[in-house]
Amino acid sequence: MLRPLQTVKKVCVLGPAGVGKSSLVARLLDPAAPLASAPTPSAVVSRISLEVLPPVPGFQGIVVTLLLFDLPAEQLQPRLRQSYYIGAEGAIVVADASDPASLGQSVRWIHDFHEVAGDKPVLLLANKVDALRDFSLVDHTTHPPHLRQPYGGLRPHLVSALTTATLRPAIEEFVRRIVTTNPF
Ligand SMILES: Nc1nc2c(ncn2[C@@H]2O[C@H](COP(=O)(O)OP(=O)(O)OP(=O)(O)O)[C@@H](O)[C@H]2O)c(=O)[nH]1
Ligand SMILES: [Mg+2]
C-alpha cells in the first residue's frame, strides 16, 4: 500500500517590522488566533503540517512539516538574522500592502535571503489588504499599481492576517514549489 512521504522543511519569514509576519504565522497555526499585539523579541520557530500532492513516484502525496522561523527585523542584528537562513528551503517575504515603500524594500529582503541560502523558492506576501479602501480581492481593477507589479521577479500575493482565504492557497502553492525542487 502506498504511504505519504513525510518531510520537514525550514522556511524563514522575513520583512520589515510591523508588516504582520507573526500575525500571519499565528493565522496559519490557528484560524481563530488573535493578531500579534507586540513586536517579536527574538527568532520564534513554529511547526505546521500540510498535505500536498505533487507526483513523487512510489508515494501517495507528501506530508510537509514546515518549520517557520519568524525573524523580527529590528530585534536581530543582520549577521545573526542571516545565520538563520542557513539550511532554509525557502522564505516568505512579507510587506505591507498599504505601503508602497515596504513593497519596494522586499527586493532587498529577497536578495538578502538568496545571497545566503542560494536560489531557493521565495513567496512574496502583501499583507493587510483588509485595511485598503475601495479594494476588492476579486476585482483586479481596484488594486493600486504598486500591488500589480513584480518585485525581484515575484508578484505579491495579496493577503490579510485576519483570514486564511488567500493566505492558505498561497502557502500551499509555495510548499508545492519547495517539494518539487527537493521532495526529501
Ligand atoms: N488590519 C490588519 N492588521 C494587521 C494585519 N496583520 C498584522 N496586523 C497588525 O499589525 C501590527 C504588527 O503585526 P505583527 O504581526 O506583530 O508584525 P511583525 O511583522 O511580526 O512585526 P515585528 O515582530 O516587530 O517584526 C499588529 O498590531 C497587528 O495586529 C492584517 O492583516 N490586517
Ligand atoms: Mg513579529
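Mentor: Helices and strands are DSSP runs, a helix being H or I over at least four residues and a strand E over at least two, and both are numbered from the N terminus. In these terms, Ala17 belongs to the loop between strand 1 and helix 1. The model is a predicted one, in which local features need pLDDT of at least 70 and side-chain atom pairs count only at pLDDT 80 or more, while totals for chains, interfaces and linings use all residues. Residues are numbered from 1 along each chain as its sequence is written, and chains are lettered from A and ligands numbered from 1 in the order in which they are written.

Trainee: Is Ala17 buried or exposed?

Mentor: The test counts other C-beta atoms, placed from the backbone, within 10 Å of the residue's own: 20 or more means buried, 12 or fewer exposed, and anything in between partly exposed. Ala17 counts as exposed because it has 12 C-beta neighbours inside 10 Å.

Trainee: Which residues does Ala17 touch, not counting those up to four places away in sequence?

Mentor: Contact requires C-beta atoms, placed from the backbone, to lie within 7 Å. By that rule Ala17 touches Pro39, Pro72, Ala73 and Glu74. Although Ala17 and Ala73 are 56 residues apart in sequence, their C-alpha atoms lie 5.4 Å apart in space.

Trainee: In what order do the strands of the sheet come?

Mentor: Two strands pair if DSSP finds at least two bridges between them. Here 6 strands make an open sheet with mixed pairing, in the order 2-3-1-4-5-6. Its edges are strand 2 (44-52) and strand 6 (157-158), each of which pairs on one side only. Strand 1 and strand 3 run parallel and are joined by 9 bridges, with Lys9 partnered by Leu66 in strand 3, whereas strand 2 and strand 3 are antiparallel over 9 bridges, Val52 having Ile62 as its partner in strand 3. At the other edge, strand 5 (residues 122-127) runs parallel to strand 6 and is joined to it by 2 bridges, with His157 in strand 6 as the bridge partner of Leu125.

Trainee: What lies in the loop between strand 5 and strand 6?

Mentor: Two residues there deserve a look, Lys128 and Asp134. Neither is a glycine, yet the phi of Lys128 is positive at about 70°, and that of Asp134 is positive at about 55°. Their surroundings can be read with the same count: Lys128 is buried because 25 other C-beta atoms lie within 10 Å, while Asp134 is exposed because it has 6 C-beta neighbours inside 10 Å.

Trainee: How many residues are in the largest nonpolar core?

Mentor: In soluble globular proteins, nonpolar side chains tend to be buried together. A nonpolar core is a set of buried Ala, Val, Leu, Ile, Met, Phe, Trp, Tyr and Cys residues joined through C-beta atoms within 7 Å. The largest one here has 45 residues, and Cys12, Val13, Ala91, Val93 and Ala126 have the most contacts inside it. Helix 4 gives the largest share of this core, 6 residues. Setting aside neighbours within four places in sequence, Ala91 is in contact with Val11, Cys12, Leu14, Phe113 and Val122.

Trainee: Which element gives the most to the shell around ligand 1?

Mentor: Helix 1 does, with 3 residues.

Key:
Contact = placed C-beta atoms within 7 Å.
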